[in-house]
Amino acid sequence: MEIKAGKNYTSQSITGCDRFTWEDFTYSETAVKNGLSNIPTPQAEEAIRELVVHLLYPLQQLYGKPIRITSGYRSPVVNYLVNGVIGSQHTKGEAADLYVPEGPDYLLHLVCSAGFTFDQAIVYRKRFFLHLSYTANGRNRQEILYQ
């Protein structure tokens, strides 16, 4: 189902994929606490669709169980409030932080063993999540970092 900016971002799926919804990408506790909008721009919406279609949905299919998005799209103000880096791919709709009980190394192993294209994979071992990004406009670096 196609969704335009400003519409209700509840449980509507992204590109018909029932595993990832617009709410998964736009909900932010920080935005709620501060009374802020966290609605993506049309360009960020398109980047989210690309991220889901080319990386997250195939990864979820391979994993075979739900993958929780702990952080998806962030407006520039929300990104600032959570101490995100300036120019973060989250503000462009190109990144998501993912959690599975097996840990971030397990998800990274699946991504690499399947040969998925990605821009950055950052393993946050202490916080137990994997940051994954994908860009449709440019070269995906296949960069792996550990925090």
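## A chat about the model

Q: I just clicked on L36, so what is its relative accessible area?
A: L36 has a relative accessible area of 30%, and that makes it partly exposed, where buried means under 20%, exposed over 50% and partly exposed in between (1.4 Å probe, protein chains only).

Q: What kind of model is this?
A: It is a predicted model, in which local features need pLDDT of at least 70 and side-chain atom pairs count only at pLDDT 80 or more, while totals for chains, interfaces and linings use all residues. Residues are numbered from 1 along each chain as its sequence is written, and side-chain values use heavy atoms, with hydrogens and water left out.

Q: What is the mean pLDDT?
A: The mean is 90, and 88% of the residues reach 70 or more, on a scale from 0 to 100 that gives the predictor's confidence in each residue. Residues 1-7 have a pLDDT below 50, and beyond near neighbours in sequence this stretch has 19 contacts in the model, a contact being heavy atoms within 4.5 Å.

Q: How many helices and strands are there?
A: The protein has five helices and seven strands, and along the sequence they follow the pattern β-β-α-α-α-β-α-β-α-β-β-β. Helices (H or I, at least four residues) and strands (E, at least two) are DSSP runs, numbered from the N terminus.

Q: And how much of it is buried?
A: Of the 147 residues, 47% are buried. Among contacts between residues at least 6 apart in sequence, 61% join residues at least 24 apart.

Q: Back to L36, where is it found, and which patch does it help make?
A: L36 is found in the loop between α2 (29-33) and α3 (42-63), and together with V77, Y80, L81 and V82 it makes a nonpolar surface patch of about 450 Å². Patches are made of residues with over 30% relative accessible area and no salt bridge, like charges being joined within 9 Å and nonpolar side chains (Val, Leu, Ile, Met, Phe, Trp, Tyr) within 5 Å. The areas come from the Shrake-Rupley method with a 1.4 Å probe, and for residues only the protein chains shown count as cover.

Q: What about W22, buried or exposed?
A: W22 is found in helix α1 (residues 22-26) and counts as buried, at 0% relative accessibility. Its C-alpha atom is separated by 9.6 Å from that of I39, which is 17 residues apart from W22 along the chain.

Q: Which residues of α5 are buried?
A: In helix α5 (residues 104-114), the buried residues are P104, L107, L108, L110 and V111. Seen down the axis, they fall within an arc of 155°, so they line one face of the helix; the arc is that of the directions from the helix axis to the C-beta atoms.

Q: What do they pack against?
A: The buried residues of α5 pack against α3, β4 (95-99), β5 (120-124), β6 (129-133) and β7 (143-146). The helix is followed by G115, whose phi is positive, near 75°.

Q: New topic: how many salt bridges are there?
A: A search of the whole structure finds eight, each being a side-chain nitrogen of Lys or Arg within 4 Å of a carboxyl oxygen of Asp or Glu. One of them joins E29 and K33, at 3.1 Å from N to O, and because these two are four residues apart in helix α2, they are separated by about one helical turn. E29 is partly exposed at 46%, whereas K33 is exposed at 65%.

Q: Where do R74 and D97 lie?
A: R74 lies in the loop between β3 (68-71) and α4 (76-81) and D97 in strand β4, so the pair ties together parts that are 23 residues apart in sequence. They form a salt bridge with the closest N and O atoms 3.6 Å apart, and both count as buried, R74 at 13% and D97 at 6% relative accessibility.

Q: Last one, what is the phi of N83?
A: The phi of N83 is near 65°, a positive value in a residue other than glycine. Most residues other than glycine have a negative phi. N83 is found in the loop between α4 and β4 and is exposed, at 70% relative accessibility. F128, in the loop between β5 and β6, also has a positive phi, near 65°, and is partly exposed at 34%.
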